[in-house]
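Reader: I would like a close look at a single part of this model, taken slowly and set against the rest of the chain.

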Amino acid sequence: MNGNLREPGQHAARPPLIRELLLVVGLFLVYKLGRQLANGHTAEAFHNADHVWSFERAVHLPGEGAVQDVLLSSDVLVHAANVYYASVHFPATIALLVFLYLRRPRHYLWTRRVLAALTAAALVLHLTFPLAPPRLLAATHLVDTAQVYGPSVYAAKPATDTMANQFAAMPSLHFGWALMVAIGLIAATRSRWRWLWLLHPLVTLLVIVGTANHYWLDTIVATALLGAALAVIRLPRTIDATGFWRHLFPVPAPATAPHIVESRRTPTPWTPAPDGLMAADVLAAATPTRIPVEMISAPGTGSAMSGAAR
């Protein structure tokens with residue numbers, strides 16, 4: 001990247017660090033507390049899971065088992081998926097916020113607000129629609145890969161899990177945050193390789209489905225909530241709505257050839273005729289032209305006549 005290129009929002013005012021730390025930690029604690037309040041709805045969570053599983057089959061969504069079969073084909077692969085699920089979610093999101101805070105302050109404010117809105121909407125759904133993940137639903141016939149192959153971030157029995165709410169499958173914040181990480185980095189940078197960040201949500205999608213921690217529908221709902229948050233939250237002031245998309249899809253400037261110089265010819269003005277000059281004068285001054293004329297008489301008439309007409 002050209003060092004002389006100034007990125008949008010790179011030199012914007014950076015919000016106070018202590019305030020931001022307290023705000024982010026406070027939001028996280030509120031979210032964790034809210035998830036814990038959703039515990040204890042076991043019967044409702046499994047009832048909702050039956051409906052979600054039946055709905056996915058009714059609309060012919062691909063089976064989650066197809067992804068899990070690929071992971072189970074290799075112990076190394078399934079263990080790597082469990083490690084990715086357990087260790088990438090929070091560090092990747094924190095790394096995004098730290099990078100944007102230090103290098104793109106305006107994008108940091110935008111990203112933090114979008115993540116907060118997405119998380120708040122997810123918390124409302126967790127409280128109103130508890131959902132058991134597919135690994136706990138017998139009808140799915142899926143393996144709890146974290147418990148079998150490790151590592152696992154959840155207790156073996158959801159009722160005894162004091163660290164996490166295992167009945168908060170919808171929406172999947174694993175996928176929603178991963179997608180926002182990619183969008184935030186794509187919007188804040190201009191490297192031609194920035195679109196590779198989309199691999200993060202793609203891998204996350206395959207991991208959370210293949211490990212039976214989420215349904216396909218969980219990721220669809222997370223994507224819809226993130227889209228709504230992006231539509232409502234204002235973009236950085238240095239980039240308007242049109243400029244944001246132009247920043248995502250920059251149009252290269254047309255090439256110019258410095259050796260080609262545009263030449264313009266100034267037309268010679270028409271000089272009007274002298275005053276008083278009439279058309280008859282022009283005709284009179286013109287050189288007479290002799291036009292040969294030949295007349296042939298018809299039979300029975302006088303002799304032919306030839307000459308020149310003036």
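How many nonpolar, polar and charged residues does the lining of the largest cavity have?

Author: This is a predicted model, and what follows should be read with that in mind. By class, the lining of the largest cavity has 9 nonpolar and 5 polar residues, while charged residues are absent from it. In all, 14 residues line this space, and those that lie nearest its centre are Val88, His89, His174, His200 and Thr204. Two or more lining residues come from each of helix H4 (75-87), helix H5 (89-103), helix H8 (173-188) and helix H9 (199-210). The space enclosed in the largest cavity is about 70 Å³, and the structure holds 1 cavity of 30 Å³ or more. As to the principle behind such a search, rolling a probe the size of a water molecule over the atoms shows where empty space is left.

The setting of this cavity is a protein chain whose secondary structure comes to 12 helices and 2 strands, and, read from the N terminus, the elements run α-α-α-α-α-α-α-α-α-α-α-α-β-β. Of the 310 residues in the protein chain, 37% are buried. Where contacts in the protein chain are counted between residues at least 6 apart in sequence, 80% of them join residues at least 24 apart. Turning from the interior to the outside, the accessible surface of the protein chain comes to about 18,900 Å², and carbon and sulfur atoms account for 67% of that area.

Methods
Residues are numbered from 1 along each chain as its sequence is written. This is a predicted model: local features need pLDDT of at least 70, side-chain atom pairs count only at pLDDT 80 or more; totals for chains, interfaces and linings use all residues. Side-chain values use heavy atoms; hydrogens and water are left out. On a 1 Å grid over the protein atoms alone, a cavity is a set of points where a 1.4 Å probe fits but cannot get out, and a pocket is an open set with protein on both sides within 12 Å along at least five of seven lines; lining residues have an atom within 4 Å of a point. Grid points are joined across faces, edges and corners, and a volume is the space filled by probe spheres set on the points. Helices (H or I, at least four residues) and strands (E, at least two) are DSSP runs, numbered from the N terminus. Ala, Val, Leu, Ile, Met, Phe, Trp, Tyr, Cys and Pro count as nonpolar, Asp, Glu, Lys and Arg as charged, and the others, Gly among them, as polar. Buried means under 20% relative accessible area, exposed over 50%, partly exposed in between (1.4 Å probe, protein chains only). Contact means heavy atoms within 4.5 Å. Accessible areas come from the Shrake-Rupley method with a 1.4 Å probe; for residues, only the protein chains shown count as cover.
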